[in-house]
Structures are given as C-alpha cells and as structure tokens.
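The exercises below ask you to read salt bridges, burial and strand pairing from a model, each with a solution worked step by step. Keep the sequence and the coordinates at hand while you go through them.

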Amino acid sequence: MAIGYLTIEARTAHQAVPVSGVQISILDAEGSRVYELVTDAEGMTPLIPLETLDQGFSQNEYYTEEPFLTYSVLARAAGFNTLFVSQIPIFDGVRAVLPLVLVPMQEMQRSPERMEITVGRPAVALPEGRSQEGTTGSPYVLRQVVIPNPITVHLGRPDTGAQNVQVSFIDYIKNVASSEIYPTWPQAALRANIYAIITFALNRVYTEWYRSRGYDFDITNSTAYDQYFIYGRPIYDSVSRIVDEIFNEYVRRQGQNAPYFTSFCNGTTVVCSGLSQWGTVTLANQGLSPLQILRSYYPKDVEIAQTDVITGEISSYPGTLLKVGSTGLDVQTIQTYLNRIRKNYPAIPRITDSTGTFGSSTRAAVIAFQRIFNLTPDGIVGKGTWYKLSSIYTAVTRLAELNSEGDTLGIGTVPPDSILRQGARGQDVITLQYLLNMVSIYHPGIPAPAQDGIFGSGTKRAVTAFQQTVGLTPDGVVGPLTWQALYETYHGIEENVPSGGEIRYVVQAGDSLWLIAQKYQTTVSAIQKLNGLTGDLIKVGQTLKIPAGQNTPSGYTEYTVRAGDSLWTIAQRYQTTVSAIKNLNGLTSDALSIGQILRIPN
C-alpha cells in the first residue's frame, strides 16, 4: 500500500495567531479513528502518514475510479466552533497541508456549533462541462496587470446569493490548483496548469469581468464559469512550492500586456478549444517544457510575463535573494518582520545579528519561519518567503492595531441604542466600523469597511455580510439585533482567541504548574492568574493559557519528528551536530519515532 501525508495547521486572524491545544481526530472513509493528535505551540500537528493508492493511478487518464483514498478531520478547541472536514484526498508520496478555518464562539454561547467542509474529487475528475466565457483582447478596464491581494471569491454561480470570501492571491492559486488537478502529475504539467490558473484569474481582474457587471467580487468558484475553489480545503506541497515561485507570472501574447484568456477543461469527459488538463500530462511525459505545453493549446506567440504590482503589500520584493552575507535595508526589513512575528510564533529564534546584516541568527529565524509556514526551509529569502513574511507581518500588526484601537474606543458591554443605515455619520458609526473590522479578521466572508465614520456602501456591504453570517435578515440596517450580535461576536473573540504571544497548552500526564512554567520561562503565579486558578491542581487534558513572554525554552528550539527524518538530516537543517542533539535530549541511540519532540540547540 502506498503512503501519503497530512499536516494540520490551526491558525486564525489571517494566520496572525496560532491555536495550540486543538484536539484532532483523523478518520478513515468508514469513520474509524486512525489518529488522535493535539496541535503544538505553532498550531501544527506532526506529519501524519496515511495509506492511499499508488500514484500511477492518478497519472493514468483512463483509470475511472478515484486514484486516492480519502480521510476526514474532526477539530475541537476550547472557545471555537467544531470543524469537520470530510473526503480529503490523500495522494501517494505527496504531503497535504490542511488549514483549519476555526471560528471563535460568541459570548455566552453555551456549546460549539459544528461547521462542515466537504473536499471531494478534484475538478479534473468531474464530468460536468465548462463554459468559461471571457475575452482574449479589448475591451479592458485596468491599465496594468495587477495582482489583487486579497482576491474576493464568490462561492457559487454569479447570480446566486452565495457567500463571498477574501483570501490572499497566493493562497487562492494554491487552492484552485489543488482543487483542479492531481498533485502527482509531472512538474511540467503542474506548472503549465498553474500558469493557466494564474492567468485565468488575472484576466478576470484585468477586464473587471464581474465588477463591471455590478457584482462585488472578482471571480466565482463555479466550474461552469470560472475555476474550482473549495474554501478551507488542504493544499498539496507539490503545488504549493510551484505557486510560491511563479505566482506573479502569467501568460500573454507577444506585444500585448493583457493576460490571455486561458480557458481549460479536463480533455477527457469534456473537450474544449483551450488547454486539456490531461493532455498536459501526455506532453510533459514527452519532454515538453511548460511554455511548449501552453503553446500547444494557445497561440504560438504566447509568452510568460511578470507583474510586480501587488495590492495590499507594504513593500515589494527587492528582486534579489537575501542570504547569509547580504546587507542593507532589505535585510533590516526582514529582521523587523521576523522580530515582530516571533511574538506570536515564539518558536522563531531571536535575531542577534547586527541590524541590516544577514548572519547565522537571521538565517535560523528565516528557517524557523519557513518551516512554520510550509516554505522550503533553506534559510534564503526569495520571492515566496518575502511575500509570506510581508503577509504575516501585516496580519499581526493589523491585529495589534485593532486591539489597541478597541481600548481607545472603550468598547463596553452594552451596545448603542441607535439605528444606523446608509448615510449615517458619527461616533456610533465609528464603533460599528471598528467592530466590523475586528470581526472580518476572523470571518473571511465579511469585508472590512473603511473606518471613516461615514455609513457608505462599503459599510452596508459589511453589515449585510455579517447579518448573513449570523442568521439575521440581511437588510444592511443596524438595529438592536445586529448590535447585539456584533457585541456577542466581538466579546467572544476577546474571550476565546489567544492574544499575541500567548499560547494554549494541553496538560499531559506528569505535568505540574512548576514544570510548565519552567518549560515556557514564566512563573506559576502568572499561569494561575491568567487561568483564574486558586491552587496548583491541574488535570490531564485541561487547556491552559500560557502568558506572553519568551515562550521558548532557553537555549533550544523544539522540533517534532516527521516521516523521513533522521538525526543527521535534522542536524543539517538546524546547523548543529548529531551529538549535540543527542546530548541535549539524553538519547543513547539514533532511533527516532514520528511525533517525537526533540530539543534542537540554538
């Protein structure tokens, strides 16, 4: 039997806050539990090996059964609604990373609600056709090719009242590629398909295909109109690595700037005038490059172009790799990002290099960041790592700003008694916009309105989306029921979401408050105060909040052993020695087990 892999990440607030202590159950297709796990301080589980079918089945277009085995994940965490993700395809030799979309419970909510996501078969295996209307030339609206970050996706056909979600463009492309094709395909086939997926999305944005028709989104997830997107699905490593490298590259015709309309279909049950997804596999096996594959389906003069215009980014990639020996303002920028991010992700070691000098401690911090966020852990800041650093830094600083702003506004426990609608102005509108901004961080279906004290169309859209989310009449008018729901949602976030640097720890057999305090470099009294404890009594399975601080044991980083690891490969990855790891962990042999926690010398 072949083996595939799954890693689970529990994070919230656009990945600004890791959620530790999440109880994870992995079930097979019959509903039997095969693993029970708990997320660590970074919100991650160890790498989980799972049985599946040989990858040869997913590379054969004539194989009509599902070329994979499926599993389900049940996630439960104190203060969050329960999440059940079913029918997750696991492929031979490929790691799937499942981001848990955890939603905080509302204030006074007695028990968690159960939210469900069904993944199922990729679109290449679905029988329905595609119409994919579009244009390959004028008219166009935008003057330059721009990457929308975030991109707004409508979760249904364009003429339905389905929910919109906002996700980063990179995550959108990774999701679509993981939803459209098989991750076991040859590299050239994967790249050709990902180029087509990127370009299709950028064509929709460039031509303002939906927004020019009065819609408030950029693209849909309906395969009858656009490309497949399943919010909350797992992402495959083979796809993720390619997207990190080429996410701002697209297909165009020579002499033109506009993204070409790269329509596509599976090429077996559905035949179209665009790219054949299965046909790319045949051409890749014949030795064709990604560009040669694209020219087999689109005009012979198509080429790969690049855009560096990315909305929502605080600084652009400098264009050169940053690594040990690099110096200057760009190095200072990433050091600033890393030092701020480590307050929320304490496994990132402290940088001791001189400001603007990329030395060994900067490299160690980069490697830790790359490991946490599923980037190639090479200690080099390329395009993918730069933009991920920028994205996470933006998320953590935005969250900190909103928390500070909430203190300034003095949000109390009693909602205002005013009734607000479009055209209203004043302090209550400012309070409303603040609450919507905070809630939007944890609910991707709610857009963040401008905080200008004016109830305009953007604020009305946010109010309507919130009302839909909590089951109220979506009329865009803020009355007593909407105010109450906003306050309950806001205070639920305050109560249930760990603050920056704070982690959740699940008590294990043999633990004591003293041992836990020593591990996280805090005090027993600090843990007692944060958790409302009056004594030293704790019980196995209890979730404790660990106060912000160093939060990483002095002198070492903790590492969870994964499939394929050895002491030598871990020592190489962290620039240490096998004997140093063995001495620190009291090991007498080189044997390791998956899920084992090792201390790695800093």
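## Exercise 1: Salt bridges

Arginine 191 and glutamate 245 form a salt bridge whose closest N and O atoms are 2.8 Å apart, a salt bridge being a side-chain nitrogen of Lys or Arg within 4 Å of a carboxyl oxygen of Asp or Glu. This is a predicted model, in which local features need pLDDT of at least 70 and side-chain atom pairs count only at pLDDT 80 or more, while totals for chains, interfaces and linings use all residues. Residues are numbered from 1 along each chain as its sequence is written, and side-chain values use heavy atoms, with hydrogens and water left out.

Task: place arginine 191 and glutamate 245 in their helices, and state how each is classed by accessibility.

Solution. Step 1: arginine 191 belongs to helix α2 and glutamate 245 to helix α3 (residues 237-246), so the pair ties together parts that are 54 residues apart in sequence; helices (H or I, at least four residues) and strands (E, at least two) are DSSP runs, numbered from the N terminus. Step 2: arginine 191, at 19% relative accessibility, counts as buried, whereas glutamate 245 is partly exposed with a relative accessible area of 41%; buried means under 20% relative accessible area, exposed over 50%, and partly exposed in between (1.4 Å probe, protein chains only).

Task: which salt bridge does arginine 241 form with an aspartate, and where do the two residues lie?

Solution. Step 1: the partner of arginine 241 is aspartate 237, with the closest N and O atoms 4.0 Å apart. Step 2: both lie in helix α3, four residues apart, which is about one turn of the helix. Step 3: arginine 241 is partly exposed, with a relative accessible area of 47%, while aspartate 237 is buried at 15%.

Task: treat glutamate 401 and arginine 398 in the same manner.

Solution. Step 1: these two form a salt bridge, their closest N and O atoms being 4.0 Å apart. Step 2: they are three residues apart in helix α8 (residues 383-409), and are therefore separated by about one helical turn. Step 3: glutamate 401 is partly exposed, with a relative accessible area of 47%, and arginine 398 is partly exposed as well, with 29%. Step 4: elsewhere, salt bridges that share partners join Arg95, Asp237 and Arg241 into one network.

## Exercise 2: A buried isoleucine

Task: is isoleucine 441 buried or exposed, and what does it contact outside its sequence neighbourhood?

Solution. Step 1: isoleucine 441 is part of helix α9 (residues 427-442). Step 2: its relative accessibility is 8%, so it counts as buried. Step 3: leaving aside neighbours within four places in sequence, isoleucine 441 is in contact (heavy atoms within 4.5 Å) with Ala13, His14, Arg398, Leu399 and Leu402.

## Exercise 3: An open sheet

Task: give the strand order of the three-stranded open sheet, and identify its edge strands.

Solution. Step 1: the order is β11-β10-β12, with mixed pairing, where two strands pair if DSSP finds at least two bridges between them. Step 2: β11 (164-167) and β12 (219-220) are the edge strands, each pairing on one side only. Step 3: β10 (residues 151-154) pairs with β11 in the antiparallel sense over four bridges, and valine 153 stands opposite valine 165 in β11.
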